[in-house]
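Trainee: I would like to go through this model with you. Can we take it one question at a time?

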Amino acid sequence: MGQEILMIALAYLKAFAVGGSICLIAQIIINFTDLTAGKILVYFMLAGVALTAIGVYQPLVDFAGAGATVPISGFGYLLANGAMKGAEKGFFYAVTGSLSAASAGVTAAVVFAFIMSLIFKSRTKRN
Amino acid sequence: MKKGNTVFFKNKPRVESFAAVCGSKEKEGIIGQYADIALDDDMYGESTFEKAECKMLTTAISQCMEKGGKSEKDVDVLLSGDLLNQIISASFAARDYDLPFLGVYSACSTMSESIMLAAMLVNAGYVKRAIAATGSHFASAERQYRYPLELGCTRPPQSQWTVTGAGGCMIAAKDEGVKIVSATMGKVCDYGVTDVNNMGAAMAPAAADTIIQHLKDTGTQPSDYDMILTGDLGALGSRIVKDLSWEKGYDISKVHVDCGEIVYKVIESEFQGGSGAGCSAIVFNSYVLKKMQAGLYKRILFAATGALLSTVSSGQGESIPCISHAVELEL
Amino acid sequence: MTGKTKENYNSNYLNYVKTQIPPTRHFKNCLSAFGVGGLICCIGQFIRFMLEYIGLSGDELAGTTSVVLIFLGCLLTGLGVYDRIGRYAGAGSIVPITGFANSVTSPAIEFKTEGWIYGMAAKMFTVAGAIVVFGVISGVIVGLIYYFI
């Protein structure tokens with residue numbers, strides 16, 4: 001029992017450390033360049049794809065769990081992973097595999113954004 | 001009469017009345033107690049930000065006429081502009097009036113440009129009474145120039161906050177009140193600043209250029225003025241404009257005041273102060289003119305600055321050309 | 001004129017402006033980015049454990065975790081909370097998948113006043129569209145490389 005709690009605590013700790021570090025790297029890049037939020041998202045996603053393709057990201061995911069999959073680089077990991085798995089099945093799946101793997105995320109974003117836009121309206125800010 | 005880039009008004013058009021409407025954030029600052037109407041709700045009871053901006057401008061224009069005891073038939077022309085594409089707020093506000101309308105655009109310096117043009121028309125005798133008005137709204141400007149409001153992006157320390165508010169003044173040929181003595185038409189200045197968050201640094205050279213041009217043309221010194229008022233340079237831009245004019249041999253540091261810097265309580269590490277067409281409009285048409293009427297300031301130079309960029313030009317990597325027009329007022 | 005003939009003066013001015021800009025607070029920014037980013041990942045881990053507990057596994061588990069996080073990101077954006085977190089946390093709230101949700105939801109809410117089709121729907125991906133476009137392109141490239149080698 002004690003062992004199990006320790007394992008869970010360790011999993012949270014690893015997620016926090018790795019996820020936080022990825023955000024920290026992004027913040028350092030933002031501080032020293034004038035990259036905007038949109039560009040940072042794209043670069044980190046591309047970095048996730050590249051690192052997965054050369055086989056570096058998978059060990060990180062195995063190690064940190066949500067710490068590596070929750071940041072946007074994890075979205076790149078999903079895309080690349082889908083493409084790599086698809087490539088084993090054939091040409092058609094090599095091309096379509098990436099987006100089918102990421103379809104859950106994109107679908108969720110579109111559907112929930114639509115629902116939120118039905119419910120809420122934007123408010124002006126004061127600070 | 002013209003000397004250099006400065007026009008001197010022989011017939012001395014006067015500011016007959018003025019009005020300002022400010023939003024809820026501005027209400028907490030120094031302007032709150034001077035503005036005619038301080039809103040608690042930035043939507044002003046409308047469904048979109050653009051409609052709210054238009055309504056504020058309409059209110060400012062109507063207040064102007066009311067305070068001067070005049071109606072639409074006494075006014076000959078309305079000069080107005082704003083920050084939105086195709087100056088929709090001003091045009092839509094003009095829709096409500098039975099008045100000839102001249103649209104003016106020079107970004108945040110729209111207030112001084114429209115006052116200058118109104119004074120020119122009145123001085124020449126073409127019109128008896130003209131209204132100059134402008135306004136801006138934080139939410140509509142943010143959406144047009146930057147990002148959607150709810151996007152969680154950080155605000156760099158050099159950025160400014162667009163003022164929610166509108167102001168206007170009625171200029172007429174009469175014998176009493178604050179008179180408009182001269183006006184300097186500004187040149188477009190571009191020192192190559194490309195950072196759209198750093199408007200203060202982009203606009204400061206234009207402000208310095210126009211202020212120095214005015215001082216040269218009129219043969220005056222900064223100490224001859226009770227106040228040299230710039231539009232929305234913010235804390236950073238104010239520092240730069242003082243440095244730039246000091247470099248050219250004019251020390252304006254004692255009399256310089258910036259609307260953007262005084263409109264909010266500025267904590268400089270957070271952001272630089274207010275910006276937008278409404279910034280100079282509400283400060284000038286409430287705080288400054290009221291103090292002038294009370295005799296606290298005898299002679300001021302009002303040089304609002306504008307950044308003439310669009311999202312297309314900044315997207316294509318162009319630098320930010322800026323302009324500043326100056327109007328000299330005397331009691 | 002002023003822009004082109006004063007090239008030298010321009011670079012002087014731009015260097016001067018750089019010295020005037022208030023310093024970015026690196027340490028505070030980085031600390032809040034690390035803390036908030038880590039916290040969001042911990043929430044992700046918590047959701048993962050909960051879903052694992054009710055019997056999901058593999059791709060289904062990973063997919064559902066991100067769907068739940070995206071839902072939370074969209075909801076907080078709608079409630080007008082996410083941009084406040086973003087102002088404080090910087091990259092800490094941009095980089096997690098909730099930041100992607102935020103970048104999709106915020107234009108959708110903002111532009112619905114311009115109509116449902118050309119406003120809400122067409123502008124939904126003004127910020128996040130780049131992620132989908134480059135994601136698909138890079139995914140296809142990776143797929144093709146792995147197919148041919």
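Trainee: What radius of gyration does chain C have, set against a compact globule of 149 residues?

Mentor: First, a caution: this is a predicted model, where local features need pLDDT of at least 70, side-chain atom pairs count only at pLDDT 80 or more, and totals for chains, interfaces and linings use all residues. Residues are numbered from 1 along each chain as its sequence is written, while chains are lettered from A and ligands numbered from 1 in the order in which they are written. The radius is taken over C-alpha atoms, and the globule rule is 2.2 Å times the number of residues to the power 0.38. That rule puts a compact globule of 149 residues near 15 Å, but chain C has 21 Å.

Trainee: Which elements make up chain C, from the N terminus on?

Mentor: Helices are DSSP runs of H or I with at least four residues, strands are runs of E with at least two, and both are numbered from the N terminus. Chain C has nine helices and zero strands. Its C-alpha trace spans about 70 × 45 × 40 Å along the principal axes. The order of elements is α-α-α-α-α-α-α-α-α.

Trainee: What percentage of the 149 residues of chain C counts as buried?

Mentor: A residue is buried if 20 or more other C-beta atoms lie within 10 Å of its own, exposed if 12 or fewer, and partly exposed in between; C-beta atoms are placed from the backbone. For chain C, the buried share is 47%.

Trainee: Which element gives the most to the side of chain C that touches chain B?

Mentor: Two residues are in contact if their C-beta atoms, placed from the backbone, lie within 7 Å. By that rule, 30 residues of chain C are in contact with 25 residues of chain B. Two or more residues on the chain C side come from each of α1 (2-5), α2 (7-20), α5 (82-89), α6 (91-94) and α7 (97-110). With eight residues, the top contributor is α7(C).

Trainee: And which element gives the most to the side of chain A that touches chain C?

Mentor: This contact takes 64 residues from chain A and 62 residues from chain C. By class, the chain A side has 45 nonpolar, 17 polar and two charged residues. Here Ala, Val, Leu, Ile, Met, Phe, Trp, Tyr, Cys and Pro count as nonpolar, Asp, Glu, Lys and Arg as charged, and the others, Gly among them, as polar. The top contributor, with 18 residues, is α6(A).

Trainee: At what angle do the axes of α6 of chain A and α9 of chain C cross?

Mentor: Residues of α6(A), including A:Phe91, A:Leu99 and A:Val106, meet residues of α9(C), including C:Val132, C:Val140 and C:Tyr147. The residues of this contact divide into 13 nonpolar, five polar and no charged. Axes are lines fitted to C-alpha atoms, for helices over the stretch in contact, with angles from 0 to 180 degrees between N-to-C directions. The axes of α6 (91-119) and α9 (129-148) come within 8 Å and cross at roughly 145 degrees.

Trainee: Why is β9(B) largely enclosed by the rest of the structure?

Mentor: Strands pair if DSSP finds at least two bridges between them. β9(B) pairs in the antiparallel sense with β3 (14-22) over eight bridges, and with β7 (129-136) in the antiparallel sense over eight bridges. Both faces are covered, with B:Gly165 and B:Cys169 among the buried residues on one side and B:Ala166 and B:Met170 among those on the other. β9(B) is largely enclosed because its buried residues number eight of eight.

Trainee: Which residue stands opposite B:Gly168 in β9(B)?

Mentor: Take the β3 partner as a guide: B:Ser17 stands opposite B:Met170. For B:Gly168, the residue opposite is B:Ala133.

Trainee: Is B:Thr164 buried or exposed?

Mentor: B:Thr164 lies in the loop between β8 (161-162) and β9 (165-172) of chain B. Its contacts beyond four places in sequence include B:Asp42, B:His137 and B:Gly278. The C-alpha atoms of B:Thr164 and B:Asp42 are 7.5 Å apart, though 122 residues separate them along the chain. With 33 C-beta neighbours inside 10 Å, B:Thr164 is buried.

Trainee: What is phi of B:Tyr44?

Mentor: Most residues other than glycine have a negative phi. B:Tyr44 lies in the loop between β4 (37-38) and α2 (49-67) of chain B. B:Tyr44 has a positive phi, near 55 degrees.
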